[in-house]
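This report looks at a ligand site and at pairs of charged side chains. Please have the structure open while reading.

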Amino acid sequence: MPYNDWNPPHSHDPNPEPPSDDPTLTIIANDQTLRFTPQYLATLPQAEVRDCYIVSTGHGTSGPFAFKGVRLLELAIRYAKSTWTFLDVISGDAFRTRLRREDLVAMGDRPAILSLEIDGRPLERIEGLVRLIVPNESDDALRQVKWVSEIRIY
Ligand SMILES: Nc1nc2c(c(=O)[nH]1)N[C@H]1C(S)=C(S)[C@@H](COP(=O)(O)O)O[C@H]1N2
Ligand SMILES: [Mo]
């Protein structure tokens, strides 16, 4: 599937409620479907990114927060074919974002992470567990996907 074959951007009308109570993450790569619990993700190497802000269209800017979790790049390198070029991060309420491998690499020491912790405590489901944090995004939180339920790697 080509990178540009993409849905129009979402509206900035954030959903405040989790679509379900189930935080299980499915990764689809190489025609394989893998399922991970947040407890399992916590056993993988973790990155902490400080000074993150959520520029929410719903209730203004909050932060700074320190988010901690698994690097998206690390997950893709572990579970995808070496030739992967981009991935989609999709939530249970059908919110989604698409990220290129080269952009993930360029984030360096402020990586995109699947966040499990905020300010040293577990992220709650209402706060988005498992939540994608893209520290360098500047588009009013369109990439800060809450309730990530699926990652498709291409
Ligand atoms: N799953 C999901 N994630 C989402 C959204 C959403 O509707 N569903 N809205 C996005 C937008 S546009 C904003 S502004 C922020 C709001 O984040 P907050 O609820 O933590 O303020 O979540 C982002 N992530
Ligand atoms: Mo937003």
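How far does a polar side-chain atom of aspartate 93 lie from a nitrogen atom of ligand 1? In this predicted model, the distance is 2.7 Å. Two other side chains, those of serine 91 and lysine 146, also have a polar atom at a listed distance from ligand 1. The table gives these contacts.

| Side chain | Atom of ligand 1 | Distance |
|---|---|---|
| Serine 91 | nitrogen | 3.2 Å |
| Aspartate 93 | nitrogen | 2.7 Å |
| Lysine 146 | oxygen | 2.6 Å |

On its own, ligand 1 has 530 Å² of accessible area, and the protein covers 93% of this. The space that ligand 1 takes is the largest pocket.

The surroundings of ligand 1 consist of 18 residues. The closest of them are Asn15, Ser56, His59, Asp93 and Lys146. By residue type, the shell around ligand 1 has 7 nonpolar, 7 polar and 4 charged members.

The second topic is charge pairing. Side chains of opposite charge can pair when their charged atoms come close. Across the whole structure, a search finds 7 salt bridges. One of these joins aspartate 88 to arginine 98, with 2.6 Å between the closest N and O atoms. Another links arginine 50 and glutamate 48, where the closest N and O atoms are 3.1 Å apart.

Is arginine 50 buried or exposed? Its relative accessibility is 52%, and exposed means over 50%, so arginine 50 counts as exposed. Its partner, glutamate 48, has a relative accessible area of 39% and is therefore partly exposed.

Technical notes:
Residues numbered from 1 in each chain as written. Chains lettered and ligands numbered in written order. Predicted model: local features only at pLDDT ≥ 70, side-chain atom pairs only at ≥ 80, totals over all residues. Heavy atoms only, no water. Near = heavy atom within 4 Å. Polar contact = N/O pair within 3.5 Å; in protein donor to acceptor, adjacent residues only side chain to side chain. Areas by Shrake-Rupley, 256 points an atom, 1.4 Å probe, with all protein chains shown as cover. 1 Å grid on protein atoms, 1.4 Å probe; cavity = no way out; pocket = protein on both sides within 12 Å on 5 of 7 lines; lining within 4 Å. Sits in = over half its atoms within 2 Å of the grid points. Nonpolar A, V, L, I, M, F, W, Y, C, P; charged D, E, K, R; others polar. Salt bridge = Lys/Arg side-chain N within 4 Å of Asp/Glu carboxyl O. Buried < 20%, exposed > 50% of the residue type's maximum accessible area, 1.4 Å probe, protein only.
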